[in-house]
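Good morning, colleagues. Please take a moment with the chain on the screen before I go through its helices, its salt bridges and its surface.

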Amino acid sequence: MNPKQMLTAFKERWQALPRSRQILFTAAAAGLLATVVYLGLVIAQPRYAPLFTGLQPKEAGKIAEELKNMKVPYRLEDQGKTITVPEKQVYSTRIQLASKGVLANSGTGFELFDQQKFGVTDFEQQVNYQRALEGELGRTIAGLSEVEQARVHLVLPKESLFLDNRVEPSASILLKLKSDLKPEQVKGIMDLVVGSVQGMKPENVHIIDTEGNVLSDNLALADERARLMKLSMDQYQVRRQYEKELETRIQQMLARILGPNKAVAMVTADLDFDQRQTTTTTVQPGQTLSQQTVTESGSGTGIGGAPGTPTGLPGQTVPALTGGNSQYQKQQTTTNYQLGSQQQTLVPAPGNLRRLSVAVVLNGNYGAPQVQQVQDMVMAAVGFQQNRGDQINVTAMPFDTSYLDQVQQEMARPGLTLADLKKYWPVAVGAAVLLLGLLLLLFFFIRRRRRMAALEAEEEAPPAEVTGLQPLPEGAPQPPGARQQVREMAREKPSQVAEILKLWMKE
């Protein structure tokens with residue numbers, strides 16, 4: 001049949017169909033054609049995969065502009081925070097963008113020095129170095145999974161030859177976090193900056209997040225809290241070790257005097273861990289620096305006139321009174337010493353004992369003299385000092401040993417002895433014989449059932465000769481002893497009998 005006849009036959013059949021069926025078939029054909037066209041377009045369209053996610057508008061704009069220049073198709077998703085490109089071009093596009101320095105969250109690093117410029121001043125060179133170092137640190141910190149973005153600001157002062165004019169470098173870091181940072185992670189960022197900038201100290205690194213929380217202060221508080229906690233634990237261990245040492249000494253002494261488990265001793269020590277420094281200055285006689293001695297002497301036979309009279313004026317000579325006599329002597333010594341001084345600084349070792357409290361309980365009814373003797377011995381053993389405020393208390397009372405006695409009674413209960421074993425051995429032998437008999441009966445019963453099952457299977461098998469035998473015609477009498485021969489042959493050659501049975505069943 002040629003195509004023209006096929007078209008004529010199809011046209012006749014189409015015209016013979018009702019109007020409703022023609023419309024239904026037409027709609028179905030149109031829907032099928034539209035589906036095929038849509039699937040073809042979907043299959044032909046390349047699959048897009050994320051190139052970068054979590055971008056800022058400025059970074060997304062730079063990347064989109066670069067992708068346009070590279071003539072790479074792209075899509076903006078997640079409100080412009082995600083850029084997708086064809087799946088086959090993701091890695092190659094990412095490498096090209098990295099080589100051009102437009103990666104998101106990359107900043108500007110040491111690629112500033114890739115292009116050498118002539119006529120650059122020292123100031124511009126220092127600024128470029130600072131920018132490059134800030135960009136490299138920002139990239140490294142943004143590599144943490146908990147950090148989305150990082151901005152680093154450095155203060156790098158000029159080096160000075162004078163120690164008084166030197167200024168320490170400092171750093172300020174702003175983090176945009178995806179999740180909270182642990183204290184050890186904050187310390188890691190701080191150590192990274194300290195190791196990257198010459199002369200940087202940890203206390204000069206300040207880290208904050210976009211919500212204004214100062215993470216470095218929290219780290220300092222955490223370190224201080226940990227240090228204080230460790231110091232408190234160390235002091236507690238020292239105090240407890242000292243108390244246990246005294247308790248052990250008291251227990252050993254009382255155990256030899258009263259016997260074991262006859263006394264209980266508890267010690268509480270108040271140790272002074274405060275640090276004090278005392279400076280004492282003592283003045284001592286020194287060496288002689290200088291010495292001056294003044295000596296005056298005089299004598300006369302008269303006396304002068306009264307003050308204010310002509311005889312007391314200079315240049316006036318008055319005859320001395322008869323019978324007058326005067327004599328004058330004076331001696332003065334001045335010595336200058338260099339005073340000596342001795343300065344002594346005393347720093348007591350931490351852990352001095354401030355007060356001691358001891359409690360001892362004796363097991364039993366002891367008299368007052370015995371209790372006093374024990375108290376005197378304990379006071380001497382622990383170094384009791386009344387002026388220090390030490391306390392000691394020795395008491396005698398019976399201990400409650402009910403629980404200990406119960407445990408000892410349970411442990412002292414006699415177990416199975418050789419006599420008990422001789423007494424019950426006939427019963428044990430009888431039980432063993434009975435168990436052995438039951439096992440033998442069970443073994444023979446299982447063996448008998450297996451044998452009966454084998455005999456029943458042999459009786460149901462059709463009799464025939466194994467080698468070259470053909471089945472007997474129906475109604476033919478069986479030769480005597482044929483069944484017995486078949487059984488013997490089945491036991492001797494089971495594989496051949498099985499093959500013959502399979503052949504018969506197949507026929």
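What percentage of the 507 residues in the protein chain do buried residues make up? The figure is 18%. I should say at once that this is a predicted model, and that every value I quote is computed from it.

Let me begin with the overall composition. The protein chain contains twelve helices and 13 strands. Its accessible surface comes to about 39,100 Å², of which carbon and sulfur atoms supply 56%. As for contacts, if we take those between residues at least 6 apart in sequence, 70% join residues at least 24 apart.

I turn now to helix α6, which covers residues 183-196. This helix has 14 residues, and the distance from its first C-alpha to its last is 20 Å, close to the 20 Å expected at 1.5 Å a residue. Which residues of α6 are buried? They are V186, I189, M190 and V193. These residues cover an arc of only 95° around the axis, and therefore they sit on the same side of α6. The general background is familiar: an α-helix has 3.6 residues a turn, so residues three or four places apart point the same way. On the face of α6 turned away from the buried side we find the exposed residues E184 and G195. The buried residues, for their part, pack against α5 (122-142), β5 (170-177), β6 (205-209) and α7.

That brings us to α7 itself, which runs through residues 215-258. With 44 residues at 1.5 Å a residue, α7 should span 64 Å; its end C-alpha atoms are 63 Å apart, which agrees. Buried in α7 are L215, S216, L219, E243, L246, E247, I250 and L254. The packing partners of these buried residues are β5, α6, β6, β7 (263-272), β12 (352-363) and α8 (368-382). After the helix comes G259, with a positive phi near 110°.

One residue of α7 deserves a separate remark, namely E247. Is E247 buried or exposed? Its relative accessible area is 11%, which is under the 20% cut-off, so E247 counts as buried. Leaving aside residues up to four places away in sequence, E247 touches R240, A265, M266 and V267.

Next, the salt bridges. How many does the structure hold? There are twelve, and I shall describe three pairs and one network.

The first pair I have chosen is E136 and R139, whose side chains meet at 3.5 Å, N to O. Both residues belong to helix α5, three residues apart, or about one turn of the helix. E136 is partly exposed at a relative accessible area of 24%, and R139 is also partly exposed, at 27%.

The next pair is E168 and K201, with a salt bridge of 2.8 Å, N to O. This pair links distant parts of the chain: E168 is in the loop between β4 (147-155) and β5, K201 is in the loop between α6 and β6, and 33 residues separate them. E168 counts as partly exposed at 41% relative accessibility, as does K201 at 34%.

My last pair consists of R354 and D272, joined by a salt bridge of 3.7 Å, N to O. Here, too, distant parts of the chain are linked, with R354 in strand β12 and D272 in strand β7, 82 residues apart. Why is R354 counted as partly exposed? Its relative accessibility is 39%, which lies between the cut-offs of 20% and 50%, so R354 falls in that class. D272, by contrast, is buried, with a relative accessible area of 8%. Finally, salt bridges that share partners join R239, R240, E243 and E247 into one network. Two members of this network, E243 and E247, have already appeared among the buried residues of α7.

I close with the surface. Y38, L39, V42 and I43 form a nonpolar patch there, with about 440 Å² of accessible area together. I43 lies in helix α2, residues 19-44. At a relative accessible area of 70%, over the 50% cut-off, I43 is therefore classed as exposed.

Thank you for your attention; I would be glad to take questions.

Key:
Residues numbered from 1 in each chain as written. Predicted model: local features only at pLDDT ≥ 70, side-chain atom pairs only at ≥ 80, totals over all residues. Heavy atoms only, no water. Helix = DSSP H or I, 4+ residues; strand = E, 2+ residues; numbered from the N terminus. Buried < 20%, exposed > 50% of the residue type's maximum accessible area, 1.4 Å probe, protein only. Contact = heavy atoms within 4.5 Å. Expected span 1.5 Å × (residues − 1). Arc of directions from axis to C-beta. Patch = residues over 30% accessible without salt bridge, like charges linked within 9 Å, V, L, I, M, F, W, Y side chains within 5 Å. Areas by Shrake-Rupley, 256 points an atom, 1.4 Å probe, with all protein chains shown as cover. Salt bridge = Lys/Arg side-chain N within 4 Å of Asp/Glu carboxyl O.
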